[in-house]
Amino acid sequence: MSKSLDIVILGLSLASSWGNGHATTFRALIKGLAAEGHRVLFLEREVPWYAGTNRDLPDPDFCELVFYHSLDEVEQRHGERLRAADAVIVGSYVPEGTELIDRLAAMDLKRLCFYDIDTPVTMDLLDRGEEAHLARRQVPVFDLYFSFSGGRVLDRLAERYGARAPRALYCSVDESRYTRVDVPMKWDMGYLGTYSDDRQPGLEALMLEPARRLPHMRFVVAGAQYPDDIDWPDNVERIEHLPPSEHAAFYSAQRFTLNITRAAMRRLGWSPSVRLFEAAAVGTPILSDRWEGLGDLLPEGKAIVIADGSEDAVAALTGEDGTAPEALAAEARRIVLADHTGRARAGDLVDMLRDCPARSRSEQEETA
């Protein structure tokens, strides 16, 4: 494989961070690839909810971004580029993903890979027979199955779903954009995340109930799609959407930031969110729910506060737990800047691609 790689990614979104965590993940990774001299074409399906004012990065300077309207357009307009690429990577939750993967598997590609930014959720969907974005029969098709979850998730991908080469590819952060900003301290704790039914109990236990017990403190929740019937305490501010350009200032204005993990990801563990790395890079102390693997990424009590309920959150906010937030933040920042930047993750991706032989003609025909 040549020193400089040509990669095509078909992902949920690069241009819009509205209502999804994929865009910032792709941005950090691809910017890291560009810094290492690699060429990336990102193909994004044109959909109304990620268009217009919700599109906060319409013209990236670190890759080529092209929108498409149909799968026929992907084949007809980009077929030659897809076949010439060193790797074609399909992301999770791409519209018409199952049909797209079938079409790509039938093409003369060098390497066909999948990047699952929702792995535990994907596995739950496959177990229920919901295959709009990925079919169970397709998992063994990929030369590499990149998963944003590691640990035993990788064993399950191989043993239960037939993934040939499952590899951990965690989210990452663009350290040039996520640095401390000199802004006034506005909130005692904040949370950044789109509404999810299975995250809401965590938000209730680790922020809303502490907010009720600590009425003199100030809290904030930023994110889209929260239902109107949530009982927000008076000291919890709501921000409907916060573009990535404002994330660093948002974290910098908090004494603590809250990390909450979806239920499927908590059960399997080893699923760090991009928000976790963003807050750490900015240097804001993090309070998180508990899941297997978190303490290995950010040691509990040394780089992060892990809370099992409202009492733990209140103790951290009031200082009754005896932790030193500044020391926690400094250690988390050191770890993330060393191991979890976009450039570090790009290096991981390139190493794994280079270790994966290109398909021979017979292998391509068998996969098709």
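These are some informal notes on the predicted model above, point by point.

1. Start with the sheet. Seven strands make up an open sheet, and reading across it the order is β3-β2-β1-β4-β5-β6-β7, with parallel pairing. The edges belong to β3 (64-68) and β7 (166-168); each has a single partner strand, so one side of each is left without a neighbour in the sheet. If you fit axes, neighbouring strands are turned by 25° against each other on average, with direction ignored. As a reminder, strands of a sheet pair through backbone hydrogen bonds, either parallel or antiparallel.

2. One pairing to look at in detail is β4 with β5. Strand β4 covers residues 87-91 and strand β5 covers 112-116, and the two run parallel with 4 bridges between them. Val90 has Phe114 of β5 as its bridge partner. Helix α13 (residues 342-354) packs on the sheet and touches β1 (6-11), β4, β5, β6 (144-147) and β7. Its direction makes about 160° with that of β6.

3. Now go to the β3 edge and pick out Val66, which sits in that strand. With a relative accessible area of 10%, Val66 is buried. Beyond its neighbours within four places in sequence, Val66 is in contact with Leu41, Phe42, Leu43, Glu44, Arg77 and His78. For a sense of scale, His340 is 274 residues away from Val66 in sequence, and the C-alpha to C-alpha separation of the pair is 27 Å.

4. The view from the other side of that contact is His78, part of helix α2 (residues 71-84). His78 counts as buried at 6% relative accessibility. Leaving out residues up to four places away in sequence, His78 touches Leu41, Leu43, Val66 and Glu73. Leu41 and Leu43 are also among the contacts of Val66.

5. Helix α3 (residues 97-105) is worth colouring by burial. Which of its residues are buried? They are Gly97, Thr98, Leu100, Ile101, Leu104 and Ala105. These residues cover an arc of only 160° around the axis, which puts them on the same side of α3. The background is simple: an α-helix has 3.6 residues a turn, so residues three or four places apart point the same way.

6. Two backbone angles deserve a look if you run a Ramachandran check. Most residues other than glycine have a negative phi. Gln225, though not a glycine, has a positive phi of about 75°. Gln225 belongs to the loop between β9 (219-222) and β10 (236-239), and at a relative accessible area of 42% this residue is partly exposed. Trp270 is another non-glycine residue with a positive phi, here near 55°. Its place is the loop between α8 (263-268) and α9 (274-282). Is Trp270 buried or exposed? Its relative accessibility is 19%, so Trp270 counts as buried, the cut-off being under 20%.

7. Last, the pocket. Rolling a probe the size of a water molecule over the atoms shows where empty space is left. The largest pocket holds about 850 Å³ of space. Its lining is made by 38 residues, and those nearest the centre are Gly19, Asn20, Gly21, Thr194 and Arg199. Where does the lining come from? At least two residues each are supplied by α1 (22-35), β8 (187-192), β11 (254-259) and α9. Helix α9 also turned up above, at one end of the loop that holds Trp270.

Terms used
Residues numbered from 1 in each chain as written. Predicted model: local features only at pLDDT ≥ 70, side-chain atom pairs only at ≥ 80, totals over all residues. Heavy atoms only, no water. Pairing = 2+ DSSP bridges. Axes fitted to C-alpha atoms, helices over the stretch in contact; angles between N-to-C directions. Contact = heavy atoms within 4.5 Å. Buried < 20%, exposed > 50% of the residue type's maximum accessible area, 1.4 Å probe, protein only. Arc of directions from axis to C-beta. 1 Å grid on protein atoms, 1.4 Å probe; cavity = no way out; pocket = protein on both sides within 12 Å on 5 of 7 lines; lining within 4 Å. Points joined across faces, edges and corners; volume = space filled by probe spheres on them.
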